[in-house]
Amino acid sequence: MRCISVSFIPQEIYPVKTYVSEQLHKVIETLKQQQFLPEELSPQFTVERTRDKSHGDLATNLALTLAKPARSNPRQIAEKIVALLPGESAIKRVEIAGPGFINFFLDESWLAQQVKNALADPRMGVVRIQQPQTVVIDYSSPNLAKEMHVGHLRSTIIGDATARTLEFLGHRVIRQNHVGDWGTQFGMLLALMEERRQQGREISMELADLESFYREAKQRFDASPEFAVRARQLVVALQSGDETCLALWREFLAVSLSHCQKLYDRLGVSLGPDAVCGESAYNDDLPRVISDLDKAGLLTEDQGARCVFLEEFKGQDGTPLPMIVQKKDGGYLYATTDLAALRYRQNQLKAERILYFVDVRQSLHFQQLFAVARKAGFLAADTQTEHMGFGTVMGDDGKPFKTRTGGVAKLAELIDEAETRARALVAGKNPQMDTAELDEIGRVVGIASIKYADLSKNRSSDYLFSFDHMISFEGDTGPYMLYAYTRVASIFRKAGLDEKSITGEILLNEEIERELASSLIRFSEILTRVAERGTPHLLCGYLYELAASFSSFYKNCPVLGAESEPLRNSRLQLCQLTARILRQGLSLLGIGTLERM
RNA sequence: GCGCCAGUAGCUCAGUUGGAUAGAGCAUGUGACUUCUAAUCACAGGGCCGAGGGUUCGAAUCCUUCCUGGCGCGCCA
């Protein structure tokens, strides 16, 4: 053990991890000069936050990784390293523990200073990115022929949270809602619209329930040969630009898009009409995609279809797998459209990074898409493309989520049910609350429940959708997060204080206060990782930890009734920062907060 | 057949890319509401990390072989 002090006083939230790691690199250089380590060695070590408080706040395994090259005992190496470390005000003391870990204990006054800095910063210590990228994010992207259903939830919600996070960090985010607004299925829909209009029925009424309209069109298509013929004619007419047909199509899209927009608005999803850039937008470009693939020497005709074969994708019996870009009847496929979209995002939108929040089952498609686009020169060499795949939404029975009647669950109905359930629970807790407030709280809590349940799970695995889990108001749920926030808010309300009006020192004498403080200064680090990996569940995990830490603080450390004025002011400031980070963090998840509930 | 993903407490899930005694929530048991909202807090029990083998100071994590489940694999999107 060794005590050190002095020197470095950070002016902003300084990633202490980075600092420690830099110092360790210097120590390695010194050890090389002393010929204790071979000159060419570049050890792979980590500096990590510890899980167990008895191991300090940070730990490094450097000594362990050096044991072999230095041909020495790890604990002895650790002692050598510690002796070479400079004094540092952020670190109170350093210990060598276990097989040779070096543990760093953060200094409370340093921690307190970090909290002060975060309080003074409108961004709560979240660093603005040094080199902003233009990031195109493809998410939600429903099929406009049908109503949005539970399957669209994950893409929409996870994509949106990632978009907000990237934006907050300072990136230029361009949202792209690649809606399915083109293709053969529109033939039968237009045919049914036409038929209804001839019968003198009001189209807007007919389209009020898109799902049943689609079902009926499908039934008619299957049952009536005349209807099917008309549907096919309409597809041809649509694709050849027939005006009356296009007018009908636009009318349908307008209804379907406004239905989507209503859901986005209800869900608090930051997608608007400006983000809509559907399949039809690329229609005119598709022949050019084919000819450009041909020019690049990638096109092969096989059994009448035009394909791109790539060596790295093998299908059955080891033969290369084709990516079909044009059918033998001349029609194009989604691969063609995706290539066109990719090129548009690169050339017109100037994307430096393109993210796709699409079902993980399409991963082969995206691997092929990216590979072909690169070979064809549709992408700049340093443009990143990532398929942010997600798993299937499952029901309680472990099978893909269905309604009680076995049908696909409409998103609108799921939201209705969540709001109703949330409202009932809130009403049970607050019998005297008036109807208007109950409605509002039920709405916010219902939406928060759905979104938090989805966002808090790892993107890539399947996800079990269960109202009972998400709306039980206990533990790691949306309502818990909102409740934690209202408790902070109630302190300020009770005291009649404005959040911003408190000053004074930050005192971290209680272990709980220290824990809360160390949670509070990690916000920036977490957001960076969410943005890198498209994983909002890390933000959920962090906010839950913060909320839990606050709840414990709230219970055990009286704020308004603190024993002294300086302590009261210190705690009020911890409350203030907690409130701001919870509010900001939830807002990045697309979840609103309530002042009381 | 080939390929991708998953398998962690009774249930739902984490696990910081190889670190120390594998963590949360629900459920179960115990304790705490004249106190800033008990939608909470404190504490307890609960594990062959699907199985075997390997790599090394050290493996839930990497390699390998199996088992189980899901999903892809030529003209739908």
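Trainee: Why does Tyr344 count as partly exposed?

Mentor: This is a predicted model, in which local features need pLDDT of at least 70, side-chain atom pairs count only at pLDDT 80 or more, and totals for chains, interfaces and linings use all residues. Residues are numbered from 1 along each chain as its sequence is written, chains are lettered from A and ligands numbered from 1 in the order in which they are written, and side-chain values use heavy atoms without hydrogens or water. Now to your residue: Tyr344 has 28% relative accessibility. Buried means under 20% relative accessible area, exposed means over 50%, and partly exposed is in between (1.4 Å probe, protein chains only). The value of 28% falls between the two cut-offs, so Tyr344 is partly exposed.

Trainee: What makes Tyr282 and Tyr344 an aromatic pair, and of which kind?

Mentor: Rings of Phe, Tyr and Trp (its six-membered ring) pair if their centres lie within 6.5 Å; planes under 30 degrees apart are stacked, over 60 edge-to-face, and the rest tilted. By this rule there are 13 aromatic pairs. For Tyr282 and Tyr344 the centres are 5.8 Å apart and the planes make 70 degrees, so the pair qualifies and is edge-to-face. The partners are 62 residues apart: Tyr282 is in the loop between helix 10 (243-267) and helix 11 (286-295), and Tyr344 is in helix 12 (residues 334-347). Helices here are DSSP runs (H or I, at least four residues), as are strands (E, at least two), and both are numbered from the N terminus. Tyr282 itself, at 4%, is buried. Rings can also gather in a group: Phe401, Tyr463, Phe465 and Phe467 are linked into a cluster by ring pairs.

Trainee: How do you know that the charged end of Arg343 sits over the ring of Phe378?

Mentor: The rule asks for NZ of Lys or CZ of Arg within 6 Å of the ring centre and within 35 degrees of the ring normal. The charged end of Arg343 is 4.5 Å from the centre of the Phe378 ring, and it sits over that ring. Lys80 offers another case, lying over the face of Phe36 at 4.7 Å from the ring centre.

Trainee: Is Thr336 buried or exposed, and how do you know?

Mentor: Its relative accessible area is 0%, so Thr336 is buried. Thr336 is found in helix 12. Leaving aside neighbours within four places in sequence, Thr336 is in contact (heavy atoms within 4.5 Å) with Leu286, Val289, Ile290 and Val325.

Trainee: What makes the link between the side chains of Asn143 and Gln185 a polar contact?

Mentor: A polar contact is a pair of N or O atoms within 3.5 Å; within protein, one must be able to donate a hydrogen and the other to accept it, and residues adjacent in sequence count only if both atoms are side-chain atoms. The side chains of Asn143 and Gln185 are joined at 3.2 Å, so this link falls within the distance limit. Beyond its neighbours within four places, Asn143 is in contact with His152, Gly180 and Gln185. Asn143 lies in the loop between strand 6 (134-138) and helix 5 (153-169), and at 24% it is partly exposed.

Trainee: Which residues come nearest to RNA strand B?

Mentor: They are Tyr334, Phe473, Tyr483, Ser490 and Tyr554, out of 61 residues around the strand. A residue is near a strand if one of its heavy atoms lies within 4 Å of it. Among the backbone approaches, a polar backbone atom of Met597 is 2.9 Å from a base oxygen of RNA strand B, while one of Leu464 is 3.2 Å from a phosphate oxygen.

Trainee: How do the residues of the surface near RNA strand B divide?

Mentor: There are 26 nonpolar, 16 polar and 19 charged residues. Nonpolar covers Ala, Val, Leu, Ile, Met, Phe, Trp, Tyr, Cys and Pro, charged covers Asp, Glu, Lys and Arg, and polar covers the others, Gly among them.

Trainee: Why is Lys350 called exposed?

Mentor: Lys350 has a relative accessible area of 56%, which is over the upper cut-off, so it is exposed. Lys350 lies in the loop between helix 12 and strand 11 (353-356), and its phi is near 60 degrees, a positive value in a residue other than glycine.
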